[in-house]
Amino acid sequence: MRRRPLSLFCLAVILFLFLGTKLTAPAPSGFESREGEWVELTGSVYKKESGSGTGTEKQVLYLHPVPKDGCLQQAEGVICYLKSNQALPEMGSIVRVRGKLKCFEPPSNPGQFDSKSYYHTLKISFQLNQTEIQAKSNTYHHMAEGLYETRRFFSRILERFLSGQDASVMKAMLLGEKRAMDGEIKSLYQRNGIAHVLAISGLHVSLLGMTLLRLLKRAGAPPPLAAGIPAAVMVLYGFLTGFSISALRATLMFVIHMGALLFKRTYDMVTAAYLAAVILLIGQPFYLFDSGFLFSFGCVFAIAFLVPALTGREEESRIKKTICQSGAITLAGLPLQLCCFYQTPVYAAVLNLLVIPLMSLLLPCGILLLVFGGMAAKGVEWGMEAAAFLCGFPIRIILGLYEKACLFSERLPFGLVTAGRPGTVALIGYAAVLLGVICLQKRVSLKGRWIAVLLGASFLFLRDGGKLEITFLDVGQGDCIHIQSADGRHYLVDGGSSSVQGVGAYRILPYLKYRGADRLEAVFVTHPDADHCNGILELIEEGEKEGVTVRKLYLPGVGKEAVNDGYERLLDAAGEAQIPVGFVSRGNVFEEGELRLFCLHPQKGYENPEPNQYSTVLFLKYGGFSALLTGDVEKEGERELLRSLEKAGIEKITVLKAAHHGSAGSTPEQLLTLLSPAYTVISCGRDNRYGHPHKELLERLEKQGTQIRITERSGAVTFRTDGSRMQVEEFLKKVL
């Protein structure tokens, strides 16, 4: 291996910065105390966006607060979502705005997106909703505003010559406009492992910059111009497209490359990557934990080190080498893929054999379309409009091929593997295998190297078992309970919220992916109120496409008079998804190994128009561990439940899920006296309009001596047991 003293120095700096981020706790922002307040703020505009993939025009401003006295001016950056029908101010102008302050929340469940860390990395302290611009300055940055207007101009060109979906894809690829990206096609690309084509990256920079360099050299330009002009153009292009992390990395490396040419030094990709990483990390050390940063630099190092170790000799066929290269890059990114998204598309390496070569045609066609379309829009004749339409033809064909290839891939077996997040030991072990293959490539055959890497990768898919885990998710004002058996099978009891929009997509599905729950053996809906089932409807509609399937849906086995619109919606959704439906009532028992689930309520054919009263109640038993899952049962239903408990001789349980989110009228003293729960879990939302949990219930629980866990304070609460010993884990205590 080559000696790279500068790379070693950069690596030492990166390790120092990493330790600094781990040892230095971030100071409290102080903005949380003003959550929900209407505030005024003065700041300079450093970025602005317009457009939305939902069809609703959204306008967004990014401000650097102007230094003044007061708490808000201590913010690094602020994102402002404007009210409609407001003109966006110019880049660099000073504006006075008024909006409703909202802080970014940390995740409260495993797998949930960490918006607080994400925006902290972007140096954005909070957001303002329903923002009004009260005043703005007349001065602004003319170059920055010119680049913004240029991007808007090019965006309109793409909209004119391409269909809405194709235009949104090309906007992301060429202009970095992802806000207007078609949601379905973006999700399709992500599920199939080709979403990297939507990012401004090294492919764009090398294609544009190196093409310009070659043209200047052929024109006889002196070295300073031949190297300086492409570097300056790519920096401007980076500002034009918003400088994502991948674009920053690629531009920095390209500028270093041009500097090497100018000073007649040998360009080394690895050293350039280390230098680029240090430059970025000095500005923001927390990039070290950003998935975009890790994927971008990980790809560079995979190309530099792993690809040579997993490809054959020079005399081998180009096709074989290309396949090996694609597989090597995919395997290098596998641990990051599983750590960030908990899934991996099996056929991504094969798809990229089609996608990446076609990008070499797609990007030039897109650039030419912008050139010819722009000239036509400026009134230049000589067939510019026809030329732009002609350039759009291969774009439509290639993007159509991408879509069809992804859809075909999804129809193949095992297309998307939901493996969950790998353990630390597995990650370290796989890294050691890759390092060993790189270091010993001259001593081990190509076949042996591939076998070692594939065996190492297989450990990333292994999971610990042997214990029952029951997790009460934080879904805001609602309920969702996940049960994982000792054999690794997954069950769900309820899944809904009245306070979290898209609870299925943003809380339940990410958690299930994190846990590697690719199949739910059974989903029990205790009753059809939205705060218990709207996330289940999302799961039924989108789960299979997202790599999580439902094997069977269970509803309470009530009489016809108790069936309402919500109940029928669940039946219709299950029917459309071809999911079998079962009806559960008192006396039904579900068994798996030592795990037992007994239904205690309602009785079969129970007639009551009030869903809470016929809410399904399940009693879980596993060795010496027991739990009662009560849904929203209350009043008459709770009285019947008491009779069932006494008849079954159930008492002194381990965990009680307090009924109806901790309302005063549920979980009466008689029930608590009978059960004497060691722990009681209350699932409710922060500052909910119902006032849950009610003071009266908390007093009853404290009097009983049970340990109380409330999801809005603890986050997800997990009980882990082997049937005799038990561990309790509160997610917010674990991550904060």
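**View 1. Phe625, Ala627 and Leu629 point one way from β18, Ser626 and Leu628 point the other way, and all are buried.** The model you are looking at is predicted: local features need pLDDT of at least 70 and side-chain atom pairs count only at pLDDT 80 or more, while totals for chains, interfaces and linings use all residues. Residue numbers start from 1 along each chain as its sequence is written, and side-chain values rest on heavy atoms, with hydrogens and water left out. Buried here means under 20% relative accessible area, exposed means over 50%, and partly exposed lies in between (1.4 Å probe, protein chains only). By that yardstick β18 is mostly covered, with five of its five residues buried. In a regular strand, side chains alternate between the two faces of the sheet. Helices (H or I, at least four residues) and strands (E, at least two) are DSSP runs, numbered from the N terminus.

**View 2. β18 has β17 and β19 as partners.** Two strands count as paired if DSSP finds at least two bridges between them. With β17 the sense is antiparallel, over five bridges, and Lys621 stands opposite Ser626 of β18. The two strands form a hairpin with two residues between them, and Gly623 in the turn has a positive phi of about 60 degrees. With β19 (residues 655-657), β18 (residues 625-629) runs parallel, joined by three bridges. Look for Leu628 opposite Leu656 in β19.

**View 3. Seven strands make an open sheet with mixed pairing.** The order is β15-β16-β17-β18-β19-β20-β21. At the edges stand β15 (589-592) and β21 (707-710), each with a single partner strand, so one side of each has no neighbour in the sheet. Neighbouring strands are turned by 15 degrees against each other on average, direction ignored. Helix α19 (residues 635-648) packs on the sheet and touches β16 (595-601), β17 (617-622) and β18. The direction of α19 makes about 130 degrees with that of β16. For such angles, axes are lines fitted to C-alpha atoms, for helices over the stretch in contact, and angles run from 0 to 180 degrees between N-to-C directions. Contact means heavy atoms within 4.5 Å.

**View 4. Ile650 and Lys652 both sit in the loop between α19 and β19.** Ile650 is buried, with a relative accessible area of 9%. Leaving aside its neighbours within four places in sequence, Ile650 is in contact with Leu600, Phe619, Leu645, Leu674 and Leu675. Lys652, at 65% relative accessibility, counts as exposed. Its phi is near 50 degrees, a positive value in a residue other than glycine.

**View 5. Two cis peptide bonds can be picked out, one from His601 to Pro602 and one from His692 to Pro693.** At the His601 and Pro602 bond, omega is about 0 degrees, and Pro602 has its place in the loop between β16 and β17. At the His692 to Pro693 bond, omega is near -5 degrees. Pro693 is found in the loop between β20 (679-682) and α21 (695-704). Asp687 belongs to the loop between β20 and α21 as well. Phi of Asp687 is near 50 degrees, positive in a residue other than glycine, and the residue is exposed, with a relative accessible area of 74%. For background, most residues other than glycine have a negative phi, and most peptide bonds are trans.

**View 6. Helix α18 turns a buried face towards its neighbours.** The buried residues of α18 are Gly566, Tyr567, Leu570, Ala573 and Ala574. Seen down the helix axis, these fall within an arc of 130 degrees, so they line one face; the arc is that of the directions from the axis to the C-beta atoms. They pack against α17 (530-542), β13 (553-556) and β14 (581-584). The face turned away from the buried side carries the exposed Asp565, Arg569 and Glu576.

**View 7. The length and ends of α18 are shown here.** At 1.5 Å a residue, its 12 residues (565-576) should span 16 Å, and the end C-alpha atoms are 16 Å apart, which agrees. The expected span is 1.5 Å times one less than the number of residues. At the start of α18, a side-chain oxygen of Asn564 reaches to within 3.2 Å of the backbone nitrogen of Gly566. Just after the helix, Gln578 takes a positive phi of about 60 degrees.

Technical notes. Polar contact = N/O pair within 3.5 Å; in protein donor to acceptor, adjacent residues only side chain to side chain.
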